[in-house]
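Subject: A structure for you to explore

Hi there,

Here is the structure I promised to pass on. Please open it and keep it beside you while you read my notes below.

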Amino acid sequence: MSYAHITGWGKCIPPARISNDEISQLVDTNDEWITTRTGIKARRVSHVSTAELATVAAKHAIACAGVDAKDIDLVLLATCTPSTMVANTASLVQKNIGAVGAAAMDTNAACSGFLYALQAATAQIQAGMIKKAVVIAAERMTWYVNWDRRDSAVLFGDGAGAVVLEAADTPSGLMATKTGCDSEDRDILHITNFGSDIDKYSPAGPSDLLFEGREIFKRAVKGMSEACDDVLSQADLSLDEIDVLVPHQANLRIIQAIQQRLKVADEKVMVNIGEYGNTSAATIAIALCEAVEQGLIKPHSNIMSAAFGAGLTWAASYIKWGERVTPINTSDATLPACDKTGLELVSAAVAACKNTD
């Protein structure tokens with residue numbers, strides 16, 4: 001059997017930042033209200049496209065793996081905020097990184113997207129269809145935000161993360177996974193005025209990101225916990241064998257609920273929601289990179305990851321880390337300079353939202 005080793009990892013974090021105190025200038029809220037309910041202290045706002053975020057993250061991951069982009073067989077981009085729908089955004093990333101001839105595909109499972117994409121790329125490697133893949137999760141969630149709505153304005157941020165997968169004979173990489181979707185109540189988390197169902201000849205107004213927070217909380221904890229139980233059973237893994245928990249960073253309370261369910265100590269849980277907010281599909285990809293950078297992930301670590309997103313999609317994965325935790329090479333890829341603050345970047349959108357009231 002072939003395995004899909006994670007041999008490279010990289011991220012792209014936009015430099016512009018909006019703190020809780022700053023966001024309180026836009027909506028009726030304050031740092032204490034946001035922090036106690038979500039664990040978020042700040043979020044990043046991108047001055048570039050989703051494709052550019054994805055490109056920089058992918059270049060770092062490819063350099064880390066020490067591979068040539070021309071040898072990549074598949075560029076798989078998890079996003080619900082694509083730069084373009086047709087052509088897909090992955091094809092632009094493929095062009096940008098020089099992965100000549102590689103298959104290129106976007107996938108949208110919202111916040112569960114990275115784990116869905118990791119499963120899809122791993123399966124192709126295990127089937128012998130490809131040898132190398134770069135799996136990216138990149139989002140510009142602030143593009144969707146209605147800055148006149150407190151419940152959603154405080155939650156979301158932008159960013160990207162990526163991993164390189166390579167075929168190998170020794171056990172490592174994605175070892176067990178469970179994905180699914182509770183579509184019965186898919187409307188409790190959705191974006192309005194977007195997609196081909198709307199009348200393109202009538203003014204639709206700005207897109208709104210709408211959700212029922214309490215109901216989503218209950219379903220997220222239930223869906224992620226049950227998926228984790230399934231993965232533990234598949235992998236014949238006991239709770240005390242989990243070395244690191246890398247959960248979706250949507251809400252600190254949800255992270256803590258999953259942590260308690262899996263009986264994972266605080267020092268084994270990767271949490272970075274405080275600085276980035278919810279970057280949807282990108283949260284786990286970014287958190288995975290930072291867990292390696294911070295030394296939380298060590299050689300041969302047993303990693304559990306779980307996510308829940310719009311749809312209502314859910315996923316859990318057991319990843320067996322390989323031997324290496326340091327990059328083979330590094331990339332000088334970076335975003336173009338940003339000459340605006342986070343508040344300045346969203347000022348036009350803020351004004352537009354208020355004018356529609």
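Before we start: helices and strands here are DSSP runs, a helix having at least four residues and a strand at least two, and they are numbered from the N terminus. Please also keep in mind that this is a predicted model.

**Unusual backbone spots**

With those names in hand, go to the loop between α9 and α10, where you will find Ser280. Ser280 has a positive phi of about 55° although it is not a glycine. That stands out because most residues other than glycine have a negative phi. Ser280 is also buried, because its relative accessibility is 1%, and buried means under 20%.

Lys263 also has a positive phi of about 55°, again without being a glycine. You will find Lys263 in the loop between α8 (252-262) and α9. Is Lys263 buried or exposed? At 65% relative accessibility, Lys263 counts as exposed, since the cut-off for that word is over 50%.

Next, look at two peptide bonds. Most peptide bonds are trans. The bond from Val86 to Ala87, however, is cis, with omega near 0°. Ala87 belongs to the loop between β4 (74-78) and α4 (89-97). The bond from Gly311 to Leu312 is cis too, with omega near 5°, and Leu312 sits in the loop between β12 and β13.

**Salt bridges**

Side chains of opposite charge can pair when their charged atoms come close. How many salt bridges does the structure hold? There are 10 salt bridges, and I picked out a few for you.

Start with Glu293 and Lys11, whose closest N and O atoms are 3.1 Å apart. This pair joins distant parts of the chain: Glu293 is in helix α10 (residues 282-293) and Lys11 in strand β1 (residues 3-12), 282 residues apart. Glu293 is partly exposed, with a relative accessible area of 49%, and Lys11 is partly exposed as well, at 22%. There is a wider group to find here, as Lys11, Glu290 and Glu293 are linked in a network of salt bridges.

Then try Glu275 and Arg17, whose side chains meet in a salt bridge at 2.7 Å, N to O. Here, too, distant parts of the chain are linked, with Glu275 in helix α9 (residues 273-276) and Arg17 in strand β2 (residues 17-19), 258 residues apart. Glu275 is partly exposed at 24% relative accessibility, and Arg17 is partly exposed with 36%.

For a pair within one helix, look at Lys222 and Glu226, where the closest N and O atoms are 3.2 Å apart. Both lie in helix α7, four residues apart, which is about one turn of the helix. Glu226 is partly exposed, with a relative accessible area of 42%.

**A charged patch**

Which residues form a negative surface patch? They are Asp236, Asp240, Glu241 and Asp243. To find the patch, go to Asp240 in the loop between α7 (213-235) and β11 (244-247). Asp240 is exposed, with a relative accessible area of 64%.

**Aromatic rings**

The count comes to two aromatic pairs. One of them is Trp143 with Tyr144, an edge-to-face pair at 5.4 Å centre to centre, with 70° between the planes. Trp143 counts as exposed at 53% relative accessibility, whereas Tyr144 counts as buried at 4%.

**Some distances to try**

If you would like to practise with the distance tool, here are three buried residues to begin from.

- Met304 lies in strand β12 (residues 302-309) and is buried at 0% relative accessibility. Its C-alpha atom is separated by 15 Å from that of Gly223, 81 residues away along the chain.
- Ala282 lies in helix α10 and is buried, also at 0%. From Ala282 to Asn96, 186 residues apart along the chain, the C-alpha atoms are separated by 19 Å.
- Tyr318 is in strand β13 (residues 313-320) and is buried, with a relative accessible area of 9%. Tyr318 and Pro336 are 18 residues apart in sequence and 36 Å apart in space, C-alpha to C-alpha.

Enjoy looking around!

Best wishes

Key: Residues are numbered from 1 along each chain as its sequence is written. This is a predicted model: local features need pLDDT of at least 70, side-chain atom pairs count only at pLDDT 80 or more; totals for chains, interfaces and linings use all residues. Side-chain values use heavy atoms; hydrogens and water are left out. Patches are made of residues with over 30% relative accessible area and no salt bridge: like charges are joined within 9 Å, nonpolar side chains (Val, Leu, Ile, Met, Phe, Trp, Tyr) within 5 Å. Accessible areas come from the Shrake-Rupley method with a 1.4 Å probe; for residues, only the protein chains shown count as cover. A salt bridge is a side-chain nitrogen of Lys or Arg within 4 Å of a carboxyl oxygen of Asp or Glu. Lys and Arg count as positive and Asp and Glu as negative; His and the chain ends are not counted. The place of a charge is taken as NZ of Lys, CZ of Arg, CG of Asp or CD of Glu. Buried means under 20% relative accessible area, exposed over 50%, partly exposed in between (1.4 Å probe, protein chains only). Rings of Phe, Tyr and Trp (its six-membered ring) pair if their centres lie within 6.5 Å; planes under 30 degrees apart count as stacked, over 60 as edge-to-face and the rest as tilted.
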